[in-house]
Amino acid sequence: MSRGGGKGPSLRDKLDGNELDLSLCDLNEVPVRELAALPKATILDLSCNNLISLPSDFCSLMHLVKLDLSKNRLQQLPLDFGRLVNLQHLDLLNNRLVTLPVSFAQLKNLKWLDLKDNPLDPVLAKVAGDCLDEKQCKQAAVKVLQHMKAIQSEQDRQRQWKLQAEREMEKKREAEQRAKEAHERELRKREKAEEKERRRREYDAQKAAKQEMEKKTKKETVQTRKPASSSRPPQPPRHKHSWSRSVLRVLLFALLCILCTLAACKLTELQRQPLCVSVNTLYEDVLAALQNHKTLQNLLQQNSQQ
């Protein structure tokens, strides 16, 4: 076995029944793999070496019942040291330990403990006592276990309180998140309703504008048709009236011309002209006809009176 790692076939040669003595071997690390291959070695002596720390896999040596780590330079024990549940006797004399891992409380079978000559925390040192004899070392085991169990319980309570606080905080965050989501849903719902109402108003406004436009267009169409229909009937009378005036004017002009012609033919030297002779003859015939017509009218009137 080499001094640096305690490796070699001579490790088994050191086994005496269930005791394995590796003290005074100038070890600076523990040969865990080789020790694990010797499950019969329930008593292990690693005292008087140069061990500064124990590897984490050292706690896999759960077959150990008695362990001597005195007179080394251990500054701390592995966090899961409590896995060595079969350990009954533990010697940590003259090391550099200040505290013990909380898992130490799991060493329920521990009956003997020596923590002398370590720079222990004052509270832990007071609990451990002097361990000057068998009785004190046994009391040290009981008291230290109780102390570590109290620390473990307090840590468990702290952990539970922290876990509960985290759960409460998580519930609070979830509640806030739900409230936020509900608020956002309500906002989206309100915005959607407002958008729907805005579109409805726009649609109603467009519809009303369209109806108003159609109504205005229809009214304009009716107004446009009404004057046309009302203006057309009077047009014939106006045309008729203007035509009558024109005829009347023509007749008056013709009568004036005739009178002028008669006057010229009767009163002037033109009466001997052939035209005037014809005119005068026509005038006399017309006058005679009118007189005859008047005479006939008088006779008819007398007859009717009789």
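User: Are Cys-131 and Cys-137 buried or exposed?
Analyst: Keep in mind that we're looking at a predicted model here. To count as buried, a residue needs under 20% relative accessible area. Cys-131 passes that test, and so does Cys-137, which makes both of them buried.

User: How far apart are the sulfur atoms of Cys-131 and Cys-137?
Analyst: For a disulfide, the two cysteine sulfur atoms have to lie within 2.5 Å. Cys-131 and Cys-137 do form one, and the structure holds one disulfide. The link is right-handed, with 105° about the S-S bond. As for the gap between the sulfur atoms, it comes to 1.7 Å.

User: Which word fits Cys-48: buried, partly exposed or exposed?
Analyst: Let's start with Cys-25, which has 12% relative accessibility and so counts as buried. Partly exposed covers the range between the 20% and 50% cut-offs. Cys-48 has 29% relative accessibility, so the word for it is partly exposed.

User: Why is the pair of Phe-81 and Phe-104 given the label it has?
Analyst: The count comes to one aromatic pair. The ring centres of Phe-81 and Phe-104 are 6.1 Å apart and the planes sit at 5°, so this pair gets its label from that small angle: planes under 30 degrees apart count as stacked.

User: How many residues apart are Phe-81 and Phe-104?
Analyst: Phe-81 is in the loop between strand 4 and strand 5, while Phe-104 is in the loop between strand 5 and strand 6. So the pair links distant parts of the chain, and the separation is 23 residues.

User: What is the relative accessibility of Phe-104?
Analyst: Phe-81 counts as buried because its relative accessibility is 0%. Phe-104 counts as buried too, and its value is 0%.

Notes: Residues are numbered from 1 along each chain as its sequence is written. This is a predicted model: local features need pLDDT of at least 70, side-chain atom pairs count only at pLDDT 80 or more; totals for chains, interfaces and linings use all residues. Side-chain values use heavy atoms; hydrogens and water are left out. Buried means under 20% relative accessible area, exposed over 50%, partly exposed in between (1.4 Å probe, protein chains only). Rings of Phe, Tyr and Trp (its six-membered ring) pair if their centres lie within 6.5 Å; planes under 30 degrees apart count as stacked, over 60 as edge-to-face and the rest as tilted. Helices (H or I, at least four residues) and strands (E, at least two) are DSSP runs, numbered from the N terminus.
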